[in-house]
Amino acid sequence: MSTVAAPVRRFRWPSAARWRAIAANGTVMSAITFVVLLAIWTYYLPGGLTAFQLNNLLGLTIALAFAGFGTTLVIISGGFDLSVAGVVSLANVWVATKMQDSTGSVIGVVVVVSLIGLATGLVNGFLVGFLGLESIAATLSTYIMLTGFALVLLAAPGGVVPTTFSDPLTALLGDTVPVALLVLIGLALVWLVLRRTRFGVNLFAVGADESAAEMSGVRVRSVKLATYGLAGLMYALAGLYYSAEVGTGDPNSGAPFLLTAFATVALGGASFAGGRGSAIGTIFGAGVLTLIPKVLFVLGVASFYTSVVQGVVLIAAVLLAILTARLVQR
Amino acid sequence: MSAQTSVESGSAGQPGAAGARSEPSRLRSFMRRPGVMHALIVWAIVVVAIPASRIVSPAFPSLNQIENIAVLGAFLGVAAFGVGLVILSGGFDLSVSSVITASGVFAGAYVQNGGSTALGIVLALLVAAGIGACSGIGVAYLRIPPFIMTLATGTIVSGALLGLNAGHPSRPAPQALRDFFGTGRLLGIPDTIWFFIGFVIVAVVLQQLTTHGRRIYAVGNGELVATLSGLPVRAVTAGVYAIAGLCYGIAGIMLTGYSSGANLSLGNDYLLPAIAAVVVGGVSIKGGRGTYVGVVGGTMLLTTVGNDISATSLAEGWKQVLYGAIVLGALVLSLGSGESGGGRLGLRRRLRRQGGLGVGPLRERPEPVGPGRAGPGS
């Protein structure tokens, strides 16, 4: 949190230390990367950036942003959560198999799926916070189990997501403003509020130094329980939005989220050692990750190599974060 | 008994030292070594689980079933040695599937294009070890978190495979491999099982008796202490990932021979089971504790359960659910026997054993806070 630049009141050239702080600020860096990639994409796009193109881009970004939001919370707390892939798979399969084309059914399924995510997260939080299990191991077990449940519900890709559910989420308001954009802005606002709440402050404290937080009277176990619970809810929302975008079910649909969720967090500049990170950086990170294949496409690179570039970008982002963190410490 | 052990290992700190210093008989001190008890429990469950398979099918237990489990377990067991070694060193590896696939596909493609089988296998193993070494260098020298580094190398390799093999969804297995891992038998036992027995012996010797093996334990128990003791921590860490890559490569070659071909999803089903087998086998995910004998037990347990589920009419998904439940059970079991103590979170557990997490005792014992922060993850 200490690296967040304070607002400059009067214009003055920032000092060298301030420049370094800005460079080390993951949110700023991921936002700049996003804008640069967006500019390249727009430049090469035939016909320029239309509302339709923007809606398409944000539609692909938004599920990732939700998944990344949850992952960010857990990373800040100093843990790892692999269950994101399992929750997204189960949510997707649940929507594709249980949801009918009626408002009542849509609301019912959304509530049930959210509760599944929340419950999974609370189980994770209990295992990590109260039983003291290592977070990777504990969430690995819930991840494997959830993938199993998804396979039991739907053994092979199939099923249909009702349009009553998907249309409003993927719509363009007044043919200009994508609903996804409003949701993303809402998500960013949620973060701005959340990190100022008692829970948010405690979350950073636990991630920065668990023992110190404990000694300062922070109830570390409860904070972890809430962190994983909230993260699980976010994964469920990611699964819901993902289902609305793709319109069908696949028991393995969540698997790619394992890489991408962590990549967005890395791109967003969070520290994997805990205690530092921003969901807004993660949201821009999700945008960057979605833009990469699109930019590669307009530049004429074969789509096979998309994941190669994503992997390289992931390493580069983490290396950059490590290097800039060292610069600031100096 | 278990409570007593946990208190002792908790107060003694370093497990290796605790084993060496204890006065009682060698057997008892061996039994107290972390992971040994766990390995015995897992193997006991395996021995019970195979006859118990009769519940799902009257055809079980049979020699045929045991042979099947051993063969299928061999592939997983070889990969799990790599994963186990990485976890033992305090790391994590998510590149298992891609490296298995890369090795199998490379060997298949090399021989298909007219190369010799032996050279193809050697080159494939070198490629696999090389990919592992790349992960290792990233983790050890560039200080990228292992989780992220291996996720990235895995993704890069799978993307590259997809690009390089465009138009070749599958490569046929070289005849020699097909003969050995597919159909070959010696004294009525499949060659794969003989190969695996040899692999286990080499692996156990490497891990338990060689200097490199002991160094891996030391690094896993605490990088700081290992560094201060003069160990080449970075080289050891990088080497671990290279050996792990080699193991995935061997698993890839075995699978290619067994399934008489290598397609781009050859290794897909091995990442989670391999990590699960390692955890079930009693290797602490924080590093420094565990045995390969336990991991092989975990492998056989998971394979037996998978075999049983496949014999029933239950959906394939239940296999996964059960795997997850077994992993969770193993984690809780190791918690109960105190084997997950130590490491970064050891402070809290030690405090809990002293009777609570309140502010009082923490104020009295503030000194462990410093070393706790200087853990390998920072």
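Begin by selecting helix H12 of chain A, residues 255–267, in this predicted model. At 1.5 Å a residue, its 13 residues should span 18 Å, and because the end C-alpha atoms lie 19 Å apart, the expected and modelled lengths agree. Colour the helix by burial and it proves mostly covered, with 11 of its 13 residues buried; among them are A:Phe257, A:Leu258, A:Leu259, A:Phe262 and A:Val265. Step past the end of H12(A) to A:Gly269, which follows the helix and has a positive phi, near 85°.

Next, select helix H2 of chain A, residues 26–44, where the same length check can be made: its 19 residues should span 27 Å at 1.5 Å a residue, and the end C-alpha atoms are 27 Å apart, in agreement. The buried residues of H2(A) are A:Gly26, A:Thr27, A:Val28, A:Met29, A:Ser30, A:Phe34 and A:Trp41.

Now turn to chain B, which has 19 helices and four strands, and in which buried residues make up 51% of the 378 residues. Among its contacts between residues at least 6 apart in sequence, 76% join residues at least 24 apart.

To see the largest nonpolar core, which holds 210 residues, select the members that touch the most other members: A:Ala67, B:Val78, B:Ala79, B:Ala251, B:Ala274, B:Val279 and B:Val327. Helix H13 of chain B, residues 233–258, gives the most to this core, with 17 residues. Centre the view on B:Ala251 and, leaving aside neighbours within four places in sequence, look for its contacts with B:Phe75, B:Val78, B:Ala79, B:Ile100 and B:Tyr270.

Stay with helix H13 of chain B and select B:Thr237, which is found there. Is B:Thr237 buried or exposed? With 27 other C-beta atoms within 10 Å, where 20 or more are required, B:Thr237 is buried. Not counting residues up to four places away in sequence, B:Thr237 touches B:Ser89, B:Gly91, B:Gly136, B:Val139, B:Ala140 and B:Val219. A distance drawn from the C-alpha atom of B:Thr237 to that of B:Ala128, 109 residues away along the chain, comes to 17 Å.

Move to B:Arg143, in the loop between helix H7 (117–140) and H8 of chain B. B:Arg143 has a positive phi of about 60° although it is not a glycine, and with 14 C-beta neighbours inside 10 Å it counts as partly exposed.

From that loop, continue into H8(B) and display the contact between the chains, which takes 51 residues from chain B and 45 residues from chain A. On the side of chain B that touches chain A, at least two residues each come from helices H8 (146–164), H14 (271–280), H16 (317–336), H17 (346–353), H18 (359–364) and H19 (369–373). Which helix supplies the largest share of that side? The largest share, 13 residues, comes from H8(B). By class, this side of chain B has 32 nonpolar, 12 polar and seven charged residues.

Finally, colour chain B by pLDDT, which averages 75, with 79% of the residues scoring at least 70. Select residues 1–22 of chain B, over which pLDDT stays under 50 and for which the model has 30 contacts beyond four places in sequence. Then select residues 339–378 of chain B, where the pLDDT is below 50 and the model has 50 contacts beyond near neighbours in sequence. For the model as a whole, the scores are ipTM 0.81 and pTM 0.80.

Definitions and conventions. Residues are numbered from 1 along each chain as its sequence is written. Chains are lettered from A and ligands numbered from 1 in the order in which they are written. This is a predicted model: local features need pLDDT of at least 70, side-chain atom pairs count only at pLDDT 80 or more; totals for chains, interfaces and linings use all residues. Two residues are in contact if their C-beta atoms, placed from the backbone, lie within 7 Å. Ala, Val, Leu, Ile, Met, Phe, Trp, Tyr, Cys and Pro count as nonpolar, Asp, Glu, Lys and Arg as charged, and the others, Gly among them, as polar. A residue is buried if 20 or more other C-beta atoms lie within 10 Å of its own, exposed if 12 or fewer, and partly exposed in between; C-beta atoms are placed from the backbone. The expected span of a helix is 1.5 Å times one less than its number of residues. A nonpolar core is a set of buried Ala, Val, Leu, Ile, Met, Phe, Trp, Tyr and Cys residues joined through C-beta atoms within 7 Å. pLDDT is the predictor's confidence in each residue, from 0 to 100.
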